[in-house]
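Colleague: Could you take me through this model? I have the picture open but not the vocabulary.
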Amino acid sequence: MKTKKKPKYSLGSCVSFMVKTAWNREKRVLWVCMALIGLQLSQSLVQLYVTPMVLRRVENHAPLGELLLTIGGFSLLLFVLTALNTYIEKRAIYGRVSVRSSLVNAVNVKSCTTAYPNTRDAQALKLQQAAMNACGSNSEPAEHIWMTLMGLVTNLVGFVIYLVLLSALPPLLIGVVVLTSAIGFLVSKRINQWEYRHKDQRDQYLEEMLYIQRKSRSIELAKDIRIFGLKPWLTAVYDSSSRLYEAFITKRERIYIWTNVVDVVLSLARNGIAYVYLILMTLENGLPASEFLLYFTALSGFTAWVTGILTEFSTLYQEGLGISQVREYLDLPEPFQFEGGKPIPQSGSYTLSLDGVSFKYPGSEQYVVRDLYLTIHPGENLAVVGLNGAGKTTLVRLLCGFYDPDEGRVLLNGQDIREFNRREYYKLFSAVFQEYSLLDVSMEENVAQSVTEIDRGRVEQCLEQAGLRELVYSLPQGTKTHVGREVYLDGVLLSGGETQRLMLARALYKDGGILILDEPTAALDPIAENDIYLKYNEMTAGKTSVFISHRLASTRFCDRIIFLENGSIIEEGTHEELMKLGGAYAKLFAVQARYYQEGGETHGEEN
Ligand code: ADP
């Protein structure tokens, strides 16, 4: 579907943005553009004049020496201009890449630091993708725009120079050349837009093919592909998309033939008229052959300038859209306070409260947390339990400040967290979230989250607390062993449980005042899980902690348990109190206890 959304920034503003970026980052990009424009114009002027000048000397019976000097002079000039052009062009690429890299970097920084809701918002993600595409490679707007700008200026200046050169010819002839060139351009553009108009269709086929290619290679699917014998099915899906894509390309080529037909017809008409006029001039006014040649070459060249101006301008317009998207993404409004804000209390003793909090996810009508009041006292170990979908993870997201509530407030030591700098607020937390989030770097880097500042003693201590001591010692390179095989072939593949432990070690290393553990033992076997519980008090000493689990037995060691249902606290107390109450918690506990005794649940996943 074609969307005609007006870009936020005009073409002029985008060009000036790029010029400013280049000025701040790599001034030579601008000098090089000017030099190349001058060189290209000089080259085409020399090419225009070389033959007529030689011919004129032949007509005038010039001595051989002068003739040879003219040919030699022009050839040398052309050689020097071409060599200079190639040399500067080759060197210019680094400057242009550097300017583009600065934009790639800015987009990456924005992606890493933008408010969490933006990382889930479909519009923001679309804009992010468009921004990445616009600076994704040498041929994308953030780099190619320099070529387009050079092309446009060269063509414009060339057009004016030729106009002056051809001023002796009747304006009607010039008009015919301009008109046929413009018609040719517009017709070709309209025809060539067929692919753009059907872009979604093409992208769909390509995406289907790429998807199957990716999945065929994926480590996650490797077992299922073999056990379920998925290969023939995957091949059939791939072939079907591939056939559709081929049909698409064939149709496109059939349509594109018409651009050639139009081009040939218009060229014939244009050249025919020019020939007729120049032959008449030769016959009636005795126009010398050298001038005939000069005018005819200039008229053909004139077409190239006109088409060049239109083509480059249309490309520039498209590239302006890309640059605008980069800027729109960089300007994406941030719902949280990331600059300034009140300083975070440095007491080291933190009370977190939810004060009448209600929350629904952006774009959803349904409240996931309803009118919740909760205070987590300094040093308290709070467990949050409930069935799947009760709102436990959402509660944690609100406490951590990933989302702001729709109603009510989240308070830190009695102050609304919206008043603090959100990035400073995040520094208070150490967390193990459900999603696996390790990088393919060494174990110690994963734990310390740094390349240079690694306190190895503490890394080992945290690995031990998280129960990874034996594993690490069994590895040939110990804590320097790489994790995963996406980047390093010698990396170790960790099981789900081991990954979770490594994430726990990372959380312990960060040593934030508030520890959040969202199902941190879900992938551990019961013995490993018990081992973590035994160490829980040691791990949370002096910290406020929130421990989420759907396994009730695992929360007994916490100071207080809240039982969530449909985003509300329905029961609250210690394990004993809740068991005595005989309510939802006690019932679920009994069900789970029976289930575990019967050995119904298994854990641990190996890749
Ligand atoms: P729990 O952690 O207790 O399993 P969650 O907090 O993950 O529950 O989810 C509570 C409800 O919110 C569920 O109905 C879930 O479908 C919904 N939900 C969770 N994340 C999102 C999201 N990003 N967007 C919309 N709805 C969500």
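Modeller: One term before the pocket: Ala, Val, Leu, Ile, Met, Phe, Trp, Tyr, Cys and Pro count as nonpolar, Asp, Glu, Lys and Arg as charged, and the others, Gly among them, as polar. By that scheme the lining of the second largest pocket has 18 nonpolar, 10 polar and eight charged residues. This is a predicted model, in which local features need pLDDT of at least 70 and side-chain atom pairs count only at pLDDT 80 or more, while totals for chains, interfaces and linings use all residues. Residues are numbered from 1 along each chain as its sequence is written, and side-chain values use heavy atoms, with hydrogens and water left out.

Colleague: What counts as a pocket?
Modeller: On a 1 Å grid over the protein atoms alone, a pocket is an open set of points where a 1.4 Å probe fits, with protein on both sides within 12 Å along at least five of seven lines; lining residues have an atom within 4 Å of a point.

Colleague: What volume does the second largest pocket have, and which residues lie nearest its centre?
Modeller: Its volume is about 1400 Å³, taken as the space filled by probe spheres set on the points, with grid points joined across faces, edges and corners. Of the 36 lining residues, Phe402, Tyr426, Phe433, Ser437 and Arg506 lie nearest the centre.

Colleague: Which elements supply the lining?
Modeller: Those giving at least two residues each include helix H3 (64-113), helix H16 (496-510) and strand E6 (429-432). Helices (H or I, at least four residues) and strands (E, at least two) are DSSP runs, numbered from the N terminus.

Colleague: Changing topic, how many helices and strands are there?
Modeller: The protein has 19 helices and 10 strands.

Colleague: And the sheet with E6 in it, what is the strand order?
Modeller: Six strands form an open sheet, E6-E7-E8-E3-E9-E10, with mixed pairing. Two strands pair if DSSP finds at least two bridges between them. E6 and strand E10 (568-573) are at the edges with a single partner strand each, so one side of each has no neighbour in the sheet. E6 pairs with strand E7 (residues 514-518) in the parallel sense over four bridges, and serine 430 has leucine 515 in E7 as its bridge partner.

Colleague: What lies across E6 and E7?
Modeller: H16 does, running at about 175° to E6. Axes are lines fitted to C-alpha atoms, for helices over the stretch in contact (heavy atoms within 4.5 Å), and angles run from 0 to 180 degrees between N-to-C directions.

Colleague: What about the four-strand sheet, how is it ordered?
Modeller: That open sheet runs E2-E1-E4-E5 with antiparallel pairing. Strand E2 (369-376) and strand E5 (415-416) are its edge strands, each pairing on one side only. Helix H11 (residues 392-400) packs on this sheet, touching strand E1 (352-359), E2 and E4, and its direction makes about 120° with that of E1.

Colleague: How many bridges join E1 and E4?
Modeller: Five, in the antiparallel sense. Serine 353 has leucine 411 in E4 as its bridge partner.

Colleague: And E4 to E5?
Modeller: Two bridges join them. Their hairpin has two residues between the strands, and asparagine 413 there takes a positive phi near 45°.
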